[in-house]
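Subject: Structure for you to look at

Hello,

Here is the structure I promised to pass on. Please open it alongside this note, and I will walk you through what turned up.

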Amino acid sequence: MTLAAYTPRFLPEPLIGLFQLALDLRWTWHHGSDELWRALDEETWETTHNAWLVLNSVSGERLEDLAEDPQFQQRYREQIAAHNEFRDASTWYSDDCPGDLGRGIAYFCMEYGISESLPLYSGGLGVLAGDYLKAASDLGIPVTAVGLLYQQGYFRQAISTDGEQLEFYPYNDPTMLPVSPLRDEDGQWVRVVVPFPGRHVRLRAWKAQVGRCALLLLDSNDPRNEPGDRGITSELYTGDPEKRLQQEMVLGIGGWRLLEQMDIQPAVCHLNEGHCALALIERAFSWQQEHMADFHTARVATRATNLFTTHTSVASGFDHFSRDLLGIYLAPWLELHELTIEQLIKLGSVSVSDSDAGAPHLNMALLALNMCGRINGVSRIHQKVSQTIFQPFFNRWPAEDIPAEFVTNGVHTPSWDSPESDAVWTRACGQDRWRRPLQMSCPMTHIPDEELWEMRRLQRNRLVNYLRRRLASQHCEQNPANNHAASCGLLLDNETLTLGFARRFTEYKRPDLLLKDQERLLGLLASRDRPLQIVLAGKAHPYDQRGKDLIRQWKAFCRRPDVEGKVVFIEDYDLGVASQLIQGVDVWLNCPRHPWEACGTSGMKVLVNGGLNLSQYDGWWAEAWNDAVGWAIRPGATFEELGRSREHDLYDARELFDLLENDVIPSFYDVDEQGLPRTWLQRIRASMDSLTASYSANRMVREYVERFYLPMVERGKQRSAGTAAEIVAEHAEIARYWPKLRFSTFNVTESQGTQTYTVEIYLDGIDETRITVELVAEASEYGPRIVTEMPERRPLAGSAHSYLYECTVPSRPEGHYTPRLRVRDERLNLPLENPAVLWLR
Ligand SMILES: *Cc1c(COP(=O)(O)O)cnc(C)c1O
């Protein structure tokens, strides 16, 4: 590491502000300073899009020259002024937010996809976290994000001639990444220490500036650590559970300690996935110390302001660690706070009130669930899926009552728009449209068809040019086949309907759906008048043999002489490749097996650019789709109907081909005398108008603020140490009496279409104000689900602790209504915070 990289001295005085500009990742979405970086070092800028690297690789001579160059000086001063203005500007949060987030939000995630020049992500989860941060910056939300700085990040992909995925792990030299050492008030480089068995692991801390928000990154590559420990943060998503646990300790325990050391004291802690759940334990420990309280009280006091967002669609997708591994690694840390491994595992296995602990694994999602005040999935369907996944851990609660909510994901629009679409939107809605709450409908109607179509054509041209350049550097070298032009993608065509498919290659995403009927696909590609061309990209996880096989299948198909140049596979899918594809394609295809796609975000990225979606009715598309905006495979499908069966692939493939043949392709080529495809343009306009704002991260972040953070902060204020202790005592009391509660008589009288139910309940000394009785009927042909409170009528004179409850409801057949008894406490989020429930049967 060179000292120069961290001391601004080597820059000529008049250009000193370049540091500030280069270290603010705002350049990844706001292109005002592009010209500066290009002027400094065009080649480095074009190949890396890393302003910090540009600044570090430019020669002193060049800098001296530019410092004298009036034109550069002018540009530079403009950008510095613009940047200062941006830092000081008022925002939605400062002006219009209906509440106060105090010291702000701490956001934890295992990966962040901010830019291809900061490769600390593997896919959707990281890109979402990056988009969240950028939108938080736009809106002025005080967020501090915490993550890991991997020495290698996720692997880089190449593909051999025979379709084999090759994996490379280039070294991330931190001095070349757009981050700087995190310093404390005295200018010292901040270090964090995490207890490990028999030693302490020292962590270095870095800061990536993402507009107004900071992303703090930890790595263990401190020369004073043992060699093995230096490699803890070497790579992302290793298959080794031991290393994974070490990473989660660094992120969770180290991350929370880092915030404390910086005196950040967040109002809300938001976990993006369960990997970072140990942060919540460390948070409780810290509260415990401050208040001289026990762990249970600390947990109750802190959880009200912990939010857990789950992105997983199958229970097996959650991280879990064995008792043995936890015993080795966590014991020294837990001992400091007098918590045992068993107690910790109990928090991450079954719901806390349930007494049969002893599960041999700690499930990180359940740990998060038991340490949080609210939980959310990432689309409406995913809410249901999450309720089903978590249901077994809420003993005897029906899935509908599991307290998982949802916030549909969104993308950071300014990061994904093209220069062409940016110009069109600016004309329609003005310069600053993405900074404030987006107008839900922007008057795209004022943009004439000609202009919209011109935008689409320019974008497609740029994509085709880009693809040819990429292909020239990949296939051509490897595959000097007979048809050289084809293998370099020269047969790609500027005016041909272009379909894009890019995502992780894994079975549930079904990248091979189009290959299910190769004859039909060949027919579409070969059509003389109405051809189709396809661009593909995606990595398979290094251990996912099936995913690699899917890549092989496509590569084999691409090499067929009758296909070459019409279907191209771009290697090394990353944010850079994604942004090119989503700007240029006409149609974005997504065909996951329903209901496995928790949300899916890549399709949202085409909206702003006038691309159209052709997708499985799953995740976000099940909410967004209607006939006017795009195409859905198996529209209206429900999770219950499809379950997790694999038998629908052929059906879905047929429906996909039918849509392409009968609707998508004819509509694209159906042009009028002016050469404009009017129906297609109508769809583009409808899609841009009605979906762009709704599926933006701007909307998503505001939803988190308004529906979650602000109410959670209020609830947190009511959890004083005293209240938390009171709640703990009450829970203990309820748990003591609960096994003795029982229903006695349950009667019904019928009158003119209504039924009046009465039930007698023995409460064994629990204060009757602490419980509530409900009458429940599941949905049936007699009507929707009913859950209605049965108010208390009176104590039963003849027997102590017995009470009569009664309510009147619409009539249903015998056996449809069942009473249940649950905890009542306005201060708690129930049943999350106390799942005790008793049913009559
Ligand atoms: C958007 C994006 C993803 C996520 O896409 P999905 O549709 O959710 O699979 C993954 N990787 C990259 C590089 C992206 O840009």
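Let me start with a backbone detail: Arg 634 sits in the loop between β20 (630–633) and α27 (639–642). Please keep in mind that this is a predicted model. The phi of Arg 634 is near 55 degrees, which is positive although the residue is not a glycine. Most residues other than glycine have a negative phi, and most peptide bonds are trans.

On that second point, there are two cis peptide bonds to look at. One joins His 594 and Pro 595, with omega at about -5 degrees. You will find Pro 595 in the loop between β18 (587–590) and α25. Another cis bond runs from Leu 830 to Pro 831, where omega is near 5 degrees. Pro 831 belongs to the loop between β27 (817–823) and β28 (837–839).

Now to the ligand. Which residues come nearest to it? Of the 14 around the ligand, they are Lys 509, Ala 578, Thr 601, Ser 602 and Lys 605. Three of these offer polar atoms to ligand oxygens. In Lys 509, a polar side-chain atom lies 2.7 Å from an oxygen atom of the ligand. In Lys 605, an N or O atom of the side chain is 2.6 Å from a ligand oxygen. Thr 601 uses its backbone instead, with a polar atom 3.1 Å from an oxygen atom of the ligand. The ligand on its own would expose 380 Å², and the protein buries 94% of that.

Helices α8 (124–139), α24 (575–584) and α25 (602–607) are the elements that each give two or more residues to the shell around the ligand. Domain 2 (92–409 + 709–717) and domain 3 (417–695) each supply at least three of the shell residues. Sorted by class, the shell has five nonpolar, five polar and four charged residues.

Finally, the empty space inside. Searching the whole structure gives 10 cavities of 30 Å³ or more. The second largest holds about 100 Å³ of space. Its lining includes Leu 21, Asp 24, Arg 26, Trp 27 and His 30, along with Ser 33, Gln 79, Ala 82 and His 83. Helix α6 (residues 70–88) contributes the most to that lining, with three residues. By class, the lining of this second largest cavity has three nonpolar, four polar and two charged residues.

Happy to talk it through whenever suits you.

Best wishes

Methods:
Residues are numbered from 1 along each chain as its sequence is written. This is a predicted model: local features need pLDDT of at least 70, side-chain atom pairs count only at pLDDT 80 or more; totals for chains, interfaces and linings use all residues. Side-chain values use heavy atoms; hydrogens and water are left out. A residue is near a molecule or strand if one of its heavy atoms lies within 4 Å of it. A polar contact is a pair of N or O atoms within 3.5 Å; within protein, one must be able to donate a hydrogen and the other to accept it, and residues adjacent in sequence count only if both atoms are side-chain atoms. Accessible areas come from the Shrake-Rupley method with a 1.4 Å probe; for residues, only the protein chains shown count as cover. Helices (H or I, at least four residues) and strands (E, at least two) are DSSP runs, numbered from the N terminus. Ala, Val, Leu, Ile, Met, Phe, Trp, Tyr, Cys and Pro count as nonpolar, Asp, Glu, Lys and Arg as charged, and the others, Gly among them, as polar. Domain bounds come from an automatic or database domain assignment. On a 1 Å grid over the protein atoms alone, a cavity is a set of points where a 1.4 Å probe fits but cannot get out, and a pocket is an open set with protein on both sides within 12 Å along at least five of seven lines; lining residues have an atom within 4 Å of a point. Grid points are joined across faces, edges and corners, and a volume is the space filled by probe spheres set on the points.
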